[in-house]
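Please open the model in your viewer and keep the sequence panel at hand. The tour proceeds by selections, each followed by a description of what is found there.

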Amino acid sequence: MISQLIENARKIIFKFGSNTLAGNDGRINSALLSEFAGQAVELIKKGKQIVIVSSGAQVAGLSKMDKWARKQDIHYRQALCAVGQVELMDAWSNAFEQYGFRIAQIPLTREDFNDPNRTLNMRNTLFTLVDEGVIPIINENDTVSVEEIKIGDNDTLAARSAILWSADLLILFSDIDGLYDKNPKEFPQAALVEEVRSIEEVRKNIMIGKTNSFGTGGITTKLDAAELALSYGIAAILAHGGRPRCVEALASGAQKGTVFLV
Ligand code: ADP
């Protein structure tokens with residue numbers, strides 16, 4: 001099912017969570033970005049269009065401003081993201097540049113989606129960039145959206161962006177292979193749910209554990225995002241973004257994930 005969805009989709013949004021983008025040393029994993037860029041370029045050569053939603057500004061900021069690591073004050077957290085956003089974009093830019101592709105930064109807030117003028121501008125910019133072969137990289141604008149740092153919602157941001165851009169498919173890359181009946185990090189015997197047709201059912205039947213390390217949204221926001229995307233007829237996939245050549249592996253069926261279908 002996943003292979004078929006990727007094969008048929010022309011416009012794909014990829015969302016990367018912070019845990020996926022951070023390497024074991026807590027820095028942005030540039031090898032992962034580079035490998036993904038290579039696979040994204042292959043998709044583009046097949047006629048597909050790509051938009052990325054990328055978390056990780058805070059992770060990237062910490063590697064530059066480690067003296068701010070223990071500062072819990074919200075303004076320091078925002079300042080950290082402002083520093084980190086530059087590093088994050090630099091990492092994405094380097095990843096795509098080696099294949100001759102440019103990236104563009106699109107910082108958005110939740111409020112932007114509630115304003116018809118702004119949504120029109122965002123949509124037009126996205127279409128223009130993609131038509132010109134530039135890879136848009138969307139992230140929450142942490143400087144202005146305080147609550148994002150507390151609850152974190154790039155999953156929903158990705159779903160909203162998918163709707164705005166009229167995407168065919170939303171792929172949420174996380175540090176787990178998909179949705180499990182319980183948190184696999186707490187319960188090693190947890191079973192992967194490969195196909196979801198009713199998010200309502202799933203919410204009743206699975207256990208949602210606490211998220212950890214850099215992740216801020218957890219599985220709840222992934223379900224919300226999938227539900228939102230599905231309500232606009234956009235299928236969603238939750239998969240591990242840290243597996244070797246994960247896009248190809250998912251497309252060939254070698255890697256499993258969870259697919260959310262209408
Ligand atoms: P990201 O940074 O990719 O957005 P998060 O850390 O916010 O990811 O959320 C993913 C985490 O949610 C997983 O690493 C996992 O530990 C946790 N989780 C809790 N319950 C579940 C579940 N039922 N199935 C899968 N993951 C779960």
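Select Ala 57, Gln 58, Ala 60, Gly 61, Leu 62 and Lys 64 in helix α4, then add Arg 77, Leu 80, Cys 81, Val 83, Gly 84, Gln 85, Glu 87 and Leu 88 in helix α5: these two groups of residues meet in this predicted model. The residues of this contact comprise seven nonpolar, four polar and three charged ones.

Now display both helices in full, α4 as residues 57–64 and α5 as residues 74–97. Two packed helices are described by the angle between their axes and the distance between the axes. Here the axes come within 6 Å and cross at roughly 90°. The helices α4 and α5 are therefore roughly perpendicular to each other.

**The sheet**

Keep α5 visible and bring up the strands that this helix lies across, namely β1, β2, β3 and β4. Relative to β3, α5 runs at about 150°.

Next, extend the selection to the whole sheet. In what order do the eight strands of the open sheet lie? The order is β3-β4-β2-β1-β5-β9-β10-β8, with mixed pairing. The edges are formed by β3 (103–108) and β8 (195–196); each has a single partner strand, so one side of each is left without a neighbour in the sheet.

Turn to helix α3, residues 30–45, which lies across β1 (11–16), β2, β4 and β5 (169–174). The angle between α3 and β1 is about 175°.

**Strand β2 and its partners**

Select β2, residues 49–54. Are its residues buried or exposed? Six of the six are buried, so β2 is largely enclosed by the rest of the structure. Colouring the two sets of side chains separately shows Gln 49, Val 51 and Val 53 pointing one way, and Ile 50, Ile 52 and Ser 54 pointing the other way.

Add β1 to the selection: six bridges join β1 to β2, and the two strands run parallel. One place to centre the view is Ile 13, which stands opposite Val 51 in β2.

On moving to β4 (residues 135–140), one finds that β2 and β4 also pair in the parallel sense, over two bridges. Two residue pairs may be picked out here: Ile 52 stands opposite Ile 137 in β4, and Val 53 stands opposite Ile 138.

**Strand β4 and the step to β3**

Remain on β4, where six of the six residues are buried. Both faces of this strand are covered, with Ile 135, Ile 137 and Asn 139 on one side and Pro 136, Ile 138 and Glu 140 on the other.

Add β3, which is joined to β4 by six bridges and runs parallel to β4. The bridge partner of Pro 107 in β4 is Asn 139. Then select helix α6, residues 116–131; β3, α6 and β4 together make a right-handed β-α-β unit.

Within this unit, centre on Thr 109, in the loop between β3 and α6. How does its relative accessible area classify Thr 109, as buried or exposed? Thr 109 has a relative accessible area of 5%, and because buried means under 20%, this residue counts as buried. Beyond its neighbours within four places in sequence, Thr 109 is in contact with Glu 140, Asn 141, Val 144 and Ser 145.

**Helix α8 and two loop residues**

Select α8 (154–164). This helix is mostly covered, as nine of its eleven residues are buried. Among the buried residues are Asn 154, Asp 155, Leu 157, Ser 161 and Leu 164.

Just after α8 comes Ser 166, in the loop that leads to β5. Ser 166 is not a glycine, yet has a positive phi of about 55°. At 34% relative accessibility, Ser 166 counts as partly exposed.

The last selection is Arg 245, in the loop between β9 (235–240) and α11 (246–252). What is the phi of Arg 245, which is not a glycine? The value is positive, at about 40°. Arg 245 counts as partly exposed, at 34% relative accessibility.

Conventions: Residues are numbered from 1 along each chain as its sequence is written. This is a predicted model: local features need pLDDT of at least 70, side-chain atom pairs count only at pLDDT 80 or more; totals for chains, interfaces and linings use all residues. Side-chain values use heavy atoms; hydrogens and water are left out. Axes are lines fitted to C-alpha atoms, for helices over the stretch in contact, and angles run from 0 to 180 degrees between N-to-C directions. Helices (H or I, at least four residues) and strands (E, at least two) are DSSP runs, numbered from the N terminus. Angles under 35 degrees count as roughly parallel, over 145 as roughly antiparallel, 65 to 115 as roughly perpendicular and the rest as oblique. Contact means heavy atoms within 4.5 Å. Ala, Val, Leu, Ile, Met, Phe, Trp, Tyr, Cys and Pro count as nonpolar, Asp, Glu, Lys and Arg as charged, and the others, Gly among them, as polar. Two strands pair if DSSP finds at least two bridges between them. Buried means under 20% relative accessible area, exposed over 50%, partly exposed in between (1.4 Å probe, protein chains only). A crossover is right-handed if, with the strands pointing away from the viewer, the path from the first strand over the helix to the second runs clockwise.
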